[in-house]
Amino acid sequence: MPPANGLTPPPNPLPQGEGELERIIKDRIAAAGPISVADYMELALTHPEFGYYMRRDPLGAQGDFTTSPEISQIFGELAGLWLARQWEVMGKPKAALIELGPGRGTLMADALRASKKINGFHDAISVHLVEKSPVLKQKQWHTLAGKHNRIEWHETLDDLPDMPWLLIANEFFDALPIRQFVYQKDAWHERMVGVEDDHLAFVIPAKAGIQLPFPLDSGQRLDNDAIVEHCQPALSITTRIASHLSAQGGAALVIDYGYAQGKGDTLQAMHRHSYHDTLKNPGEADLTAHVDFAALAQAALQAGAKTFGPEPQGRFLMKIGAGVRVQKLCAQADSEQSAALISGLERLASPDKMGDLFKVMAIAAADHPKPEGF
Ligand code: SAH
């Protein structure tokens with residue numbers, strides 16, 4: 001065990017179980033009819049006992065997918081320096097450094113290491129991790145032991161401290177449950193998950209069309225079978241962040257794969273680094289949907305904050321000094337480490353790798369100056 005150092009150990013991981021979640025979902029459908037895609041996604045990812053995130057570390061070569069902080073240390077380092085810079089711009093107040101969905105804790109560890117040399121920063125902050133998964137909390141606790149003397153875990157954003165926030169969320173919003181709506185026969189219908197021939201299947205309830213619970217983008221084409229998505233939890237969390245930032249100050253960085261405009265079915269499942277049937281083995285594969293940055297920006301604006309971007313990840317990283325940082329690190333590295341640093345940067349920043357698909361959006365109080373990278 002690493003030294004506790006002010007950290008409280010999170011609870012132990014839950015026991016394993018195979019296929020139980022599919023049974024639970026089918027029983028629920030048998031009892032009460034088809035469930036929404038959002039209910040399906042929420043059960044598959046965060047069912048307290050059998051949800052995907054609740055009982056495994058999904059990241060890395062042995063897992064199902066890899067994220068930017070796991071690819072290169074410069075990702076978390078540059079993010080930490082960006083957040084520390086916003087703190088300086090704000091006049092160096094006492095602040096909460098927050099990460100939503102911190103995975104293995106790698107981004108936060110790299111951010112804390114890089115920002116250590118910013119005078120007064122570590123003394124001014126406490127660190128707050130919003131995480132639902134007991135397994136990942138445990139990993140984060142190990143990764144972060146000794147990296148800062150005030151680290152706390154939270155299940156939701158509700159009990160985060162009442163002070164300026166410096167917040168980051170990488171690949172967090174894509175895990176939040178979406179509802180899907182299909183345009184058929186001149187009307188909208190909610191796409192649901194039902195059971196056909198004892199298999200989970202997408203179904204459209206045979207009832208009259210419904211009113212969409214959100215306004216449609218102007219210019220949206222209404223082709224037959226067109227699908228639009230709506231992520232209420234993402235909007236509520238963005239509103240929560242934006243109202244806090246406009247009242248107390250601070251800045252947030254949201255990084256995810258997503259779109260600024262344009263739609264369709266973006267629900268996808270990943271298992272062992274390959275695409276997987278979204279309805280097969282719920283709880284055993286990662287389920288995500290692309291993030292609608294335009295909708296998040298609108299929610300932030302309505303809550304009195306302003307937004308910057310979304311900027312393609314590659315361009316953002318290069319603008320905040322990714323090239324220079326890799327050069328600096330390479331100067332003190334052996335040839336194998338240098339090659340890894342260069343190929344890591346390429347994966348993060350090349351338009352044909354993660355550089356274009358991933359987007360970066362900042363949210364800040366209305367009087368916050370335009371941050372670096374936008
Ligand atoms: N940010 C990390 C991990 C991304 S995976 C990285 O870049 O490597 C998604 C993370 O969000 C995991 O830590 C997962 O457990 C967490 N998560 C997913 N849904 C959540 C929810 N509803 N509330 C809190 N955390 C959640």
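User: Hi! Before we look at sheets, when do two strands pair?

Analyst: Happy to start there. Two strands pair if DSSP finds at least two bridges between them, and strands are DSSP runs (E, at least two residues) numbered from the N terminus. This is a predicted model, where local features need pLDDT of at least 70, side-chain atom pairs count only at pLDDT 80 or more, and totals for chains, interfaces and linings use all residues. Residues are numbered from 1 along each chain as its sequence is written, and side-chain values use heavy atoms, leaving out hydrogens and water. The criterion for pairing is thus at least two bridges.

User: In which order do the three strands of the open sheet lie?

Analyst: The pairing in this sheet is antiparallel. Strand S12 (274-276) and strand S13 (286-288) are its edge strands, each pairing on one side only. The order is S12-S11-S13.

User: Which residue in S13 stands opposite glutamine 268?

Analyst: Strand S11 (residues 268-271) and S13 run antiparallel and are joined by three bridges. Opposite glutamine 268 in S13 stands threonine 288.

User: Why is strand S9 largely enclosed by the rest of the structure?

Analyst: Buried means under 20% relative accessible area, computed with a 1.4 Å probe on protein chains only. Ala226, Val228 and His230 cover one side, with Ile227 and Glu229 on the other. S9 (residues 226-230) is largely enclosed because the number of its residues that are buried is five of the five.

User: How much of the ligand does the protein bury?

Analyst: An oxygen atom of the ligand is 2.5 Å from a side-chain N or O atom of glutamate 131. Taken alone, the ligand exposes 570 Å² (Shrake-Rupley method, 1.4 Å probe). The protein buries 95% of that.

Terms used:
Helices (H or I, at least four residues) and strands (E, at least two) are DSSP runs, numbered from the N terminus. Buried means under 20% relative accessible area, exposed over 50%, partly exposed in between (1.4 Å probe, protein chains only). A polar contact is a pair of N or O atoms within 3.5 Å; within protein, one must be able to donate a hydrogen and the other to accept it, and residues adjacent in sequence count only if both atoms are side-chain atoms.
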